[in-house]
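Trainee: Could you take me through one part of this model in detail? I'd like a close look at the ligand and what surrounds it.

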Amino acid sequence: MLQHVKQIKIGRNDPCWCKSGRKYKQCHMAFDEKIERIRQEGHVVPIRKLIKNADQIAAIKESAKINIAVLDYVGEHIQEGVTTGQIDRWVYDLTTKMGGIPAPLNYQGYPKSVCTSVNDQVCHGIPSEDVVLKDGDIVNVDCSTILNGFYSDSSRMFCIGNVSEEKRRLVEVTKECCDKGLEQVKPWGFLGDMGQAVHDHAYANGYSIVREIGGHGVGLDFHEDPWVGYHSKKGTEMLLVPGMIFTIEPMVNMGKEDIFIDEDNGWTAYTEDRKPSAQWEYMVLVTEDGAEKLSW
Ligand code: MF3
Ligand code: CO
């Protein structure tokens, strides 16, 4: 992280770095001074690159529209007997038909267009024609889109047929965790405000949250700073300012928080105790007066 590096100095009458066309002193100067004061109080603050301008936000919202449409389509068609390989083909076909590229495809060697994580799979489940969804399964479908170079990222849980009450509750509470986290996202607050809200709701319900894998800044790249965890405390972690975009994507385990990675594929995380895990992922924009959910 480079937040301690001094940023290029802009003159009061120079054009603002946000490309609004206005003079710096009439645009982001006071904003930058406020961030600098908070940094001097000892907080982690965002570098400029993490603060999206209006054009970038508009472009990321267009990408998010594809992501939402793809997950809507999956929700309408997913059912018992469908393979996760079939879901991968839906995602590839629909994303490309709408002019986008599935971001996971070939990302650090990832072989498919989407992640499909069933039951005790925590995340990064790799779609396969051999994985047939069966009655009682819970599955996360994690979709990420590149449109004109701009990224969107979100995921949802789906319940297949008759799901046990305890698994259904895990899925619902995990979504509530994201909603409670989202409520805490506001300008001049801190990422830890969100993290603690997510954490407290999961643990109050007897669940745990995975420590090693978290959310991330997103938009100009697939994974940007800040790293987004859920074991952080209110008033800590990165300062939030308007224009930041990041994901809230806790992996909530019915049992213990420990996970392991499948040695054969190097990707898929499982719960160590093999109990079910659920995840929802919201992509969130910090606005002037709160937050906006861009995809889910
Ligand atoms: N979509 C995941 C996330 O939420 C990242 C998946 S990387 C992949 O950050 F390569 F596995 F697709
Ligand atoms: Co993500």
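Mentor: Sure. A polar contact here is a pair of N or O atoms within 3.5 Å. Keep in mind that this is a predicted model. With that cut-off in hand, start with Asp153: an N or O atom of its side chain sits 3.2 Å from an oxygen atom of ligand 1, so the pair counts as a polar contact under the 3.5 Å limit. Glu249 also reaches an oxygen atom of ligand 1, with a side-chain N or O atom 2.8 Å away. For Asp142, the partner on ligand 1 is a nitrogen atom, and the distance to an N or O atom of the Asp142 side chain is 3.1 Å. On its own, ligand 1 would expose 340 Å², and the protein buries 96% of that area.

Now step back to the whole shell. There are 14 residues around ligand 1, and those that come nearest are Pro104, Asp142, His216, His223 and Glu249. So what does the shell look like by class? It divides into 6 nonpolar, 4 polar and 4 charged residues. Asp142 and Glu249, then, turn up twice in this picture: both are among the nearest residues, and each has a side-chain N or O atom paired with ligand 1, at 3.1 Å for Asp142 and 2.8 Å for Glu249. That's the site as the model has it: a ligand with 96% of its exposable area buried by the protein, in a shell of mixed residue classes, with nonpolar, polar and charged residues each represented.

Conventions. Residues numbered from 1 in each chain as written. Chains lettered and ligands numbered in written order. Predicted model: local features only at pLDDT ≥ 70, side-chain atom pairs only at ≥ 80, totals over all residues. Heavy atoms only, no water. Near = heavy atom within 4 Å. Polar contact = N/O pair within 3.5 Å; in protein donor to acceptor, adjacent residues only side chain to side chain. Areas by Shrake-Rupley, 256 points an atom, 1.4 Å probe, with all protein chains shown as cover. Nonpolar A, V, L, I, M, F, W, Y, C, P; charged D, E, K, R; others polar.
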